[in-house]
Amino acid sequence: MNKSILRALKRVWILNFTRRVTYATSYFNSKYGQILSWGVQSNEDTNYTYHLTESNKDYLAQLLAHILQSDYATIRGYIAEIENDQVLRQHIQTGIIQSGLARFADQDIRYGKRLGWYAVVRALKPKIVVETGVDKGLGSVVLAAALLKNKEEGFTGQFYGTDINPEAGYLLSGVYQSVGKILYGDSIETLSKMNDKIDFFINDSDHSADYEYREYQIIKDKLSDNAIILGDNAHVTDKLSQFSIEQNRDFLYFQEQPKSHWYPGAGNGFSFTRR
Ligand SMILES: C[S@@+](CC[C@H](N)C(=O)[O-])C[C@H]1O[C@@H](n2cnc3c(N)ncnc32)[C@H](O)[C@@H]1O
């Protein structure tokens, strides 16, 4: 814009207001197009799935390389491994159709932050993995797929998911069930009965801040020395950050950048100890 016209616009309050507000809306306008195409093309109405942008996958790999004392190329390799796993993709597509719930799910399988969950299991080689709140079981089957790959390399591990909904977790079936199990009931009650030492804990159940904090309190004496805790609701609550400060653990935050989707993305908090 010509400098003298801009100077004139800035002097008249209403014109300046319109110019500033129009500029601010440019950050959000593309979202309306995405909302409309999602409304037409997607069946999802909760627990949205989306791909991450390529640069967001790089940020995730760089962050995890630090947490896991690994390197960018190794973690990026694990991310590529799950993205290229056609058996897993086919299993999920078939599972959605067989569940009879395809009208609430999409055929395009999009892992989002679960790419990072997979990479943690591949790099950490955990013996016990716990995910509270499994919904369809998308995260569960991703974690089980990583445990199966670890098993091929001689590292055995077991997955436990918890959910209050007796119909949750239907994607954890077939070969993936050989390394995983869903425990039904209230997560806090289930966790309090667990005796195994947990190597990788994911909080994704009741998303109230108080409930999330109680889960961390229940598992704090059940963690192995190098355990990693992941809070899937870290964009909403600071409970994992708070817990990490109290327990003298390190905390890092990853923000999803969904690719061509209206959802702003979730935040995953990682709580860990330096090895
Ligand atoms: C956001 S979804 C989980 C998504 C899943 N982790 C994934 O990867 O897609 C939350 C789940 O937590 C479950 N849930 C809610 N309150 C719970 C509780 N008190 N105990 C156990 N599960 C609970 C819900 O039934 C729901 O399936």
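Trainee: How do α7 and α8 pack in this one?
Mentor: This is a predicted model, and in it α7, residues 114-124, packs with α8 at an angle of about 25°, the two axes being 9 Å apart.

Trainee: So what do we call that arrangement of α7 and α8?
Mentor: Roughly parallel, because the angle of about 25° falls under the 35 degrees cut-off.

Trainee: And is the crossing of α7 and α8 left-handed or right-handed?
Mentor: Right-handed.

Trainee: Okay, staying with α8: how far apart are its end C-alpha atoms?
Mentor: They're 22 Å apart, and that agrees with the 21 Å its 15 residues should span at 1.5 Å a residue.

Trainee: How many of the α8 residues are buried?
Mentor: Eleven of the 15, so α8 is largely enclosed by the rest of the structure.

Trainee: Which ones are they?
Mentor: The buried residues of α8 include Leu 138, Gly 139, Ser 140, Val 141 and Val 142, and also Asn 150.

Trainee: What happens just after α8?
Mentor: Gly 154 sits there with a positive phi of about 95°.

Trainee: Switching to the ligand, how many residues surround it, and which are the closest?
Mentor: There are 19 around the ligand, and the closest are Gly 133, Asp 135, Gly 139, Ser 187 and Asp 206.

Trainee: Which elements give two or more residues to that shell?
Mentor: β1 (128-132), α8 (138-152) and β2 (158-163). Gly 139 of α8 is thus a nice link: it's among the closest to the ligand and it's also buried.

Trainee: How does the shell divide by residue type?
Mentor: Four nonpolar, eight polar and seven charged.

How values were computed:
Residues are numbered from 1 along each chain as its sequence is written. This is a predicted model: local features need pLDDT of at least 70, side-chain atom pairs count only at pLDDT 80 or more; totals for chains, interfaces and linings use all residues. A residue is near a molecule or strand if its C-beta atom, placed from the backbone, lies within 6 Å of it. Helices (H or I, at least four residues) and strands (E, at least two) are DSSP runs, numbered from the N terminus. Ala, Val, Leu, Ile, Met, Phe, Trp, Tyr, Cys and Pro count as nonpolar, Asp, Glu, Lys and Arg as charged, and the others, Gly among them, as polar. The expected span of a helix is 1.5 Å times one less than its number of residues. A residue is buried if 20 or more other C-beta atoms lie within 10 Å of its own, exposed if 12 or fewer, and partly exposed in between; C-beta atoms are placed from the backbone. Axes are lines fitted to C-alpha atoms, for helices over the stretch in contact, and angles run from 0 to 180 degrees between N-to-C directions. A crossing is left-handed if the near helix is turned anticlockwise from the far one by less than a right angle, and right-handed if clockwise.
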